[in-house]
Amino acid sequence: QVQLVESGGGLVQPGGSLRLSCAASGRIFAINAMGWFRQAPGKQRELAATITTGGSTNYADSVKGRFTISRDNAGNTVYLKMNSLKPEDTAVYYCKADWGLGPGAHDYWGQGTQVTVSS
């Protein structure tokens, strides 16, 4: 089992910044990658950014150049620094961990943190 706890969401004005954190605990040794997904009201959940244990990153086109995903040296915490925020970035942001390989692979999700971009 892996537990993911997000924090750092809130209300910010357009053009502002926020940093989200996702702390992983439990059987984290088998995590292959972690990422941030977001879901706006009435829309499907979508990828924002991912990072592998090797440090490779991937971003949605809509956030490239504005968001940066990173992790601490221990690999227990993943961050999403969000700059130049736009109203369309408003969503619940979820942390996800890709755990294990093969038949035993499993995705773990956090509870989500609300980000609201509004003046």
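In which strand is Gln 39 found? The model, which is predicted, places Gln 39 in strand S4. The overall fold is described before this residue is taken up in detail.

The chain contains eleven strands and zero helices. Its pattern along the sequence is accordingly written β-β-β-β-β-β-β-β-β-β-β. The radius of gyration is 14 Å. A compact globule of 119 residues would have a value near 14 Å, so the chain agrees with that expectation. Along the principal axes, the C-alpha atoms fill a box of roughly 45 × 30 × 25 Å. Buried residues make up 41% of the 119. Among contacts with a separation of 6 or more, 53% come from residues 24 or more positions apart.

The surface was examined next. The chain exposes about 6200 Å². Carbon and sulfur atoms supply 48% of this area. There are 11 positive and 8 negative charges. Their mean positions lie 2 Å apart.

Strand pairing was then traced, beginning at the N-terminal strand. Strand S1 covers residues 2-7, and strand S3 covers residues 18-26. The two pair in the antiparallel sense, over six bridges. Within this pairing, Gly 26 of S3 stands opposite Val 2. S3 is also joined to strand S8, residues 77-82. Six bridges make this connection, and S3 and S8 run antiparallel. Here Leu 20 has Leu 80 of S8 as its bridge partner. S3 thus pairs with S1 and with S8.

Another set of pairings involves S4, S5 and S6. Strand S4 (residues 31-39) pairs with strand S5 (residues 46-52). Their sense is antiparallel, and six bridges link them. Arg 38 is matched with Glu 46 of S5 as its bridge partner. S4 and S5 form a hairpin with six residues between the strands. In this hairpin, Gly 42 takes a positive phi near 75°.

S5 continues the antiparallel arrangement with strand S6, residues 57-59, through three bridges. The bridge partner of Thr 50 is Asn 58 in S6. S5 and S6 also form a hairpin, with four residues between them. Gly 55 lies in the turn and has a positive phi of about 95°. Each of the two hairpins therefore has a glycine with a positive phi: Gly 42 and Gly 55.Gln 39 was considered in its surroundings. Gln 39 has a relative accessible area of 28%, so it counts as partly exposed, between the limits of 20% and 50%. Beyond residues up to four places away in sequence, Gln 39 touches Gln 44, Arg 45, Ala 91, Val 92 and Tyr 94. Tyr 94 is 55 residues away along the chain, yet the C-alpha atoms of Gln 39 and Tyr 94 are separated by 8.1 Å.

Gly 112 was examined in turn. Gly 112 sits in the loop between strand S10 (106-109) and strand S11 (113-117). Gly 112 is buried because its relative accessible area, 16%, is under 20%. Neighbours within four places in sequence aside, its contacts are Glu 6, Val 92, Tyr 93 and Tyr 94. Val 92 lies 20 residues from Gly 112 along the chain, with 5.9 Å between their C-alpha atoms. Val 92 and Tyr 94 are contacted by Gln 39 and also by Gly 112.

Terms used:
Residues are numbered from 1 along each chain as its sequence is written. This is a predicted model: local features need pLDDT of at least 70, side-chain atom pairs count only at pLDDT 80 or more; totals for chains, interfaces and linings use all residues. Side-chain values use heavy atoms; hydrogens and water are left out. The radius of gyration is taken over C-alpha atoms; the globule rule is 2.2 Å times the number of residues to the power 0.38. Buried means under 20% relative accessible area, exposed over 50%, partly exposed in between (1.4 Å probe, protein chains only). Contact means heavy atoms within 4.5 Å. Accessible areas come from the Shrake-Rupley method with a 1.4 Å probe; for residues, only the protein chains shown count as cover. Lys and Arg count as positive and Asp and Glu as negative; His and the chain ends are not counted. The place of a charge is taken as NZ of Lys, CZ of Arg, CG of Asp or CD of Glu. Two strands pair if DSSP finds at least two bridges between them.
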